[in-house]
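Student: I'm new to this structure. Could you take me on a close look at the place where the ligand sits?

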Amino acid sequence: MSRLLVKDAHNSTTPLDSILLQGWVRTRRDAKAFSFIELNDGSCLKGLQVIVDATLPDYAQVAKASTGASVEVRGKLVASQGGGQKWEVVAEKFLVLGEADATYPLQKKGHTLEFLREIAHLRPRSNLFGAVFRVRSRLAYAVHQFFQERNFFYVHTPIVTASDAEGAGDMFRVTTLDLANPPKTEDGQIDNAQDFFGKKTFLTVSGQLEGEIFATALSNIYTFGPTFRAENSHTSRHASEFWMIEPEVAFCDLQGNMDLAEAFVKHLIRDAKEHCAADLEFFSKFVDKELMTRLDFVLERPFQRCSYTEAIEILAQSGKTWEHPVSWGDNLQSEHERYLAEEHFKCPVTVYNYPRAIKAFYMRKNDGESAERQTVAAMDLLVPGIGEIIGGSQREERLDLLKEGMALHHLDEKAYWWYLDLRRYGSVPHAGFGLGFERMLMFVTGVANIRDVIPFARTPGTADF
Ligand code: 4AD
Ligand code: MG
């Protein structure tokens, strides 16, 4: 007898004889002649009711089937007598595999998210986290589907790297040097040549630069992997380890890039609605009442587009007092991004053409602008509730202007020799972006803290489990 998943039991079109179910007890209720057990195996949100008759030879086992225990049930799938469910199971054999005593922390509903973070090894067994991680799995699949169907190749870019892709310096060092007694050069500096890789290495902040290598060979590529930022940001939207999807497209400009980003985000929302309906319904009931309305709204209309310069004007005319006053040349802060998406456009908005000085060295310089108002072909997609979920740009494909950008950001050309080679040999206009997978999950589930959409959160000061 092979195992039947609870999900498949719910979806059965006929009663079934001799089924085998395995899972964990959510609740148990003992009546005189029966016990009712709600069994959940994680395959879907909804548990399955199991009825164990007190006359069953195995009935003594039921006393051990407390909340959290793992059990195995053989029996029949029959039409449910009670309301609220189509099917229930009448047990013929009932076995407790692993008991869970009264110290099991998930006894009752209504734990705070903060408490559940402390028991990240058990929280996937709760309704909320079961739903979050099913959606996460489904959307990871949908990411591949979206790109594979569009002739993009999946490239595995390195996790350990010697180059700083964003040129921002927020990188975790990777070393096997003895920190208490590192080897020194003659002038007393740490001798990185003696480190494991013969040079200074880090955890990657982005696979983009290596992605560009492959885009300028295979035309359309994407990466999807963990990235690391050693920023000391204590917000609900920043993690030190997060997953990023980075498509890179040869022969593509900023417009094409914005179109791709919009189609991608909409594809993920549509996919979640189609394949995770019960989980999304749960979120819209218990996490964010506006969720379904917001997702539908986003699917139905085109995203807004507005240049950075226009955005600055909108912010200046908003009549708001900002915590961080903003004028042309400043980085947009979270409060500005959220105002644009939530209050002004009331819709996802792509802000493009940012000042060159505040964006990464590899972004393409826009032609014909004054030195004071020089912009690059950058784009950030801002969504209500979160702010930036995508950052991207058209890349600088002109060797001399790329070198200029590197000088502006005080980067050493020698370290990027291979990146410059891409502009020396068969250079093409190309563009790409990065979607923060966790931020996308926050948007799709309504879950407000990034720590609750990643299985094991790494944030400043925490790396448990
Ligand atoms: O805007 P970012 O830094 O862009 C890049 O890394 C580019 N190399 C991407 C590219 O063009 N290929 O990051 C991209 C996205 C952000 O929009 C955000 O969604 C997410 O990655 N992100 C983070 N998510 C969680 N925690 C953090 N600390 C994040 N930093 C960026
Ligand atoms: Mg960004």
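Tutor: Here is a walk around ligand 1, then its pocket, and then a small closed space. This is a predicted model, in which local features need pLDDT of at least 70, side-chain atom pairs count only at pLDDT 80 or more, and totals for chains, interfaces and linings use all residues. Residues are numbered from 1 along each chain as its sequence is written, chains are lettered from A and ligands numbered from 1 in the order in which they are written, and side-chain values use heavy atoms, with hydrogens and water left out.

Let's start with the neighbours. Around ligand 1 there are 24 residues (each with a heavy atom within 4 Å of it), and those that come nearest are Glu-166, Gln-208, Glu-246, Glu-388 and Ile-389. Polar contacts here are pairs of N or O atoms within 3.5 Å. Glu-388 places a polar side-chain atom 2.6 Å from an oxygen atom of the ligand, and Arg-395 has one 2.9 Å from a ligand oxygen atom. From Gly-436 it is a polar backbone atom that lies 3.2 Å from an oxygen atom of ligand 1. On its own, ligand 1 has 620 Å² of accessible area (Shrake-Rupley method, 1.4 Å probe), and the protein covers 93% of that.

Which elements build this shell? Strand 11 (241-250), strand 15 (387-394) and strand 16 (430-436) each give two or more residues; strands are DSSP runs of E with at least two residues, and helices are runs of H or I with at least four. Strand 15 provides the largest share, five residues. By class, the shell has eight nonpolar, eight polar and eight charged residues, where Asp, Glu, Lys and Arg count as charged, Ala, Val, Leu, Ile, Met, Phe, Trp, Tyr, Cys and Pro as nonpolar, and the others, Gly among them, as polar.

Now step back to the space itself. Ligand 1 takes up the second largest pocket (more than half of its atoms lie within 2 Å of the pocket's grid points). A pocket is an open set of points on a 1 Å grid over the protein atoms alone, with protein on both sides within 12 Å along at least five of seven lines, and lining residues have an atom within 4 Å of a point. This pocket holds about 1,200 Å³ of space. Its lining numbers 47 residues, with Glu-166, Arg-229, Glu-231, Lys-359 and Glu-388 nearest the centre.

Notes: A polar contact is a pair of N or O atoms within 3.5 Å; within protein, one must be able to donate a hydrogen and the other to accept it, and residues adjacent in sequence count only if both atoms are side-chain atoms. On a 1 Å grid over the protein atoms alone, a cavity is a set of points where a 1.4 Å probe fits but cannot get out, and a pocket is an open set with protein on both sides within 12 Å along at least five of seven lines; lining residues have an atom within 4 Å of a point. Grid points are joined across faces, edges and corners, and a volume is the space filled by probe spheres set on the points.
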